[in-house]
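Biologist: I'd like to learn how to read a model like this one. Can you walk me through it?

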Amino acid sequence: MKIAILGMGSVGRGLLEMIDGKELGLTVTGIADSKSALLDPDGIHIEEVLIAKRERGYCGDKSLSAADVVEQGDYDVLVEVTPTDADSGEPATGFIKTAIGRGKHVVTSNKGPIALHFSTLQSLARKHGVVIRYEATVGGAIPVLHTLEHGLAGNRVLAVYGILNGTSNFILTRMAAEGLTYEQALLEAREMGYAEADPTYDVKGIDAAIKLVILSNTIWKRNVKLSDVTITGIDMLTNDALRLAEEQHCTIRLIAEAIPEKGILRVAPRILPRTHPLVVENTLNAITIDTDMAGEITLIGKGAGSRETASACIGDLLFIKDSHARGN
Ligand SMILES: NC(=O)c1ccc[n+]([C@@H]2O[C@H](COP(=O)([O-])OP(=O)(O)OC[C@H]3O[C@@H](n4cnc5c(N)ncnc54)[C@H](OP(=O)(O)O)[C@@H]3O)[C@@H](O)[C@H]2O)c1
């Protein structure tokens with residue numbers, strides 16, 4: 001199956017390395033970064049592109065762009081792994097719409113287009129007989145969307161709860177374990193490369209809320225928006241609050257939860273017993289799905305990382321490839 005990849009950052013490079021190192025039956029015919037692009041319908045030499053990107057900072061021909069890859073490339077699936085713009089979803093949404101309009105499937109790790117334009121993109125995909133898959137947008141390597149779609153098929157999902165942001169979980173873990181202040185733990189998260197220079201989205205709960213919107217719309221098709229989520233971050237949390245929780249054999253975690261029957265759609269710090277399945281450490285993510293037949297299922301895993309996110313994208317790609325082979 002032929003694929004074109006937009007974005008050669010952490011996720012894009014991870015994907016290319018995995019595709020190059022494993023025999024997955026995927027041929028890369030287009031690649032773009034922010035400054036250049038490459039097209040070859042017979043397959044691009046991945047190792048050469050990775051070296052070029054590392055050595056000179058761009059992947060291909062500077063007279064070509066991502067738009068050229070999307071509009072002219074010879075591919076079955078567009079893999080969209082460019083940065084998230086949570087306000088407009090652009091330019092990714094435009095690329096995705098163009099690809100769908102050309103009858104191409106889409107795999108993306110980009111939360112912007114999915115959180116902002118879910119129903120538009122899904123109906124466009126249906127109209128053109130293609131699919132858009134976005135496992136990597138929620139929970140990194142955790143196959144939560146696949147589990148919902150397949151493993152739990154036929155179940156009614158009653159609620160979903162989770163730790164959907166590894167940076168804030170790392171900060172809370174370090175505050176509880178070492179008695180660090182919020183500022184000290186944030187500094188450590190930055191030094192470890194877990195927090196961005198501007199950590200607002202992570203620590204104010206916005207990133208977790210965007211993922212909750214994606215999960216909710218996937219499960220219940222309700223078309224909720226970020227503004228529907230009640231959000232409290234961890235940035236005002238004190239050591240005293242954590243110490244008090246610890247004295248009761250509890251701890252505090254930033255929990256995203258959606259319970260439609262109770263009208264709950266929120267992200268907030270919650271006190272949980274230390275033995276609770278959602279109490280995971282450091283940058284791990286955890287998601288509990290509560291269902292009518294299977295009861296509660298909790299998935300735990302790495303919520304970010306180059307190879308980990310590539311794992312989710314490759315799962316989506318191979319699902320499309322297998323469906324193709326079955327003629328679906
Ligand atoms: N990293 C993770 O662990 C993780 C986990 C889950 C989801 N995600 C999501 O996955 C996406 C990619 O993440 P990342 O960590 O790989 O980001 P990143 O390291 O910042 O890389 C982004 C890549 O996109 C390229 N790019 C920017 N604008 C572009 C444009 N207009 N056209 C084509 N390429 C463009 C950049 O080009 P240059 O190289 O020229 O700058 C860069 O190669 C984001 O939406 C992120 O939220 C990431």
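Modeller: Sure, and keep in mind that it's a predicted model. Let's start at the ligand: by class, the shell around it holds ten nonpolar, twelve polar and three charged residues. The shell has 25 residues, and those that come nearest are Gly7, Gly9, Ser34, Ala66 and Ala304.

Biologist: Which helix gives the most to the shell around the ligand?

Modeller: That's α1, with three residues. Helix α1 covers residues 10–21 and lies across β1, β2 and β4, running at about 155 degrees to β1.

Biologist: Now the strands. How do I read a sheet?

Modeller: Strands of a sheet pair through backbone hydrogen bonds, either parallel or antiparallel. Here, six strands make an open sheet with mixed pairing, in the order β3-β2-β1-β4-β5-β6. β3 and β6 stand at the edges with a single partner strand each, so one side of each has no neighbour in the sheet.

Biologist: Do β1 and β2 run parallel or antiparallel?

Modeller: Parallel: five bridges join β1 (residues 2–6) to β2 (residues 27–32). To find one of the pairs, look at Leu6, whose bridge partner in β2 is Ala32.

Biologist: And which strands pair with β7?

Modeller: Strand β7 (residues 157–163) is joined to β11 by six bridges, and the two run antiparallel. β7 also pairs with β9 in the antiparallel sense, over three bridges. Tyr161 stands opposite Thr288 in β11, while Gly162 stands opposite Ala256 in β9.

Biologist: How do I read the buried side of a helix?

Modeller: An α-helix has 3.6 residues a turn, so residues three or four places apart point the same way. In α6 (residues 144–151), the buried residues are Val144, Leu145 and Leu148. They span an arc of only 110 degrees around the axis, which puts them on the same side of α6.

Biologist: What do the buried residues of α6 pack against?

Modeller: They pack against β7, α10, β11 and β12.

Biologist: Last one: which backbone angles should catch my eye?

Modeller: Most residues other than glycine have a negative phi, and most peptide bonds are trans. In this model, the peptide bond from Glu90 to Pro91 is cis, with omega near 0 degrees. Pro91 sits in the loop between β4 and α4. Then there's Lys221, with a positive phi near 50 degrees, in the loop between α10 and β8. His249 has a positive phi too, near 60 degrees, and its place is in the loop between α11 and β9.

Biologist: Is Lys221 buried or exposed, and what about His249?

Modeller: Lys221 is exposed, because it has 11 other C-beta atoms within 10 Å and the cut-off for exposed is 12 or fewer. His249 counts as exposed as well, with 9 C-beta neighbours inside 10 Å.

Note on methods:
Residues are numbered from 1 along each chain as its sequence is written. This is a predicted model: local features need pLDDT of at least 70, side-chain atom pairs count only at pLDDT 80 or more; totals for chains, interfaces and linings use all residues. Two strands pair if DSSP finds at least two bridges between them. Helices (H or I, at least four residues) and strands (E, at least two) are DSSP runs, numbered from the N terminus. Two residues are in contact if their C-beta atoms, placed from the backbone, lie within 7 Å. Axes are lines fitted to C-alpha atoms, for helices over the stretch in contact, and angles run from 0 to 180 degrees between N-to-C directions. A residue is near a molecule or strand if its C-beta atom, placed from the backbone, lies within 6 Å of it. Ala, Val, Leu, Ile, Met, Phe, Trp, Tyr, Cys and Pro count as nonpolar, Asp, Glu, Lys and Arg as charged, and the others, Gly among them, as polar. A residue is buried if 20 or more other C-beta atoms lie within 10 Å of its own, exposed if 12 or fewer, and partly exposed in between; C-beta atoms are placed from the backbone. The arc is that of the directions from the helix axis to the C-beta atoms.
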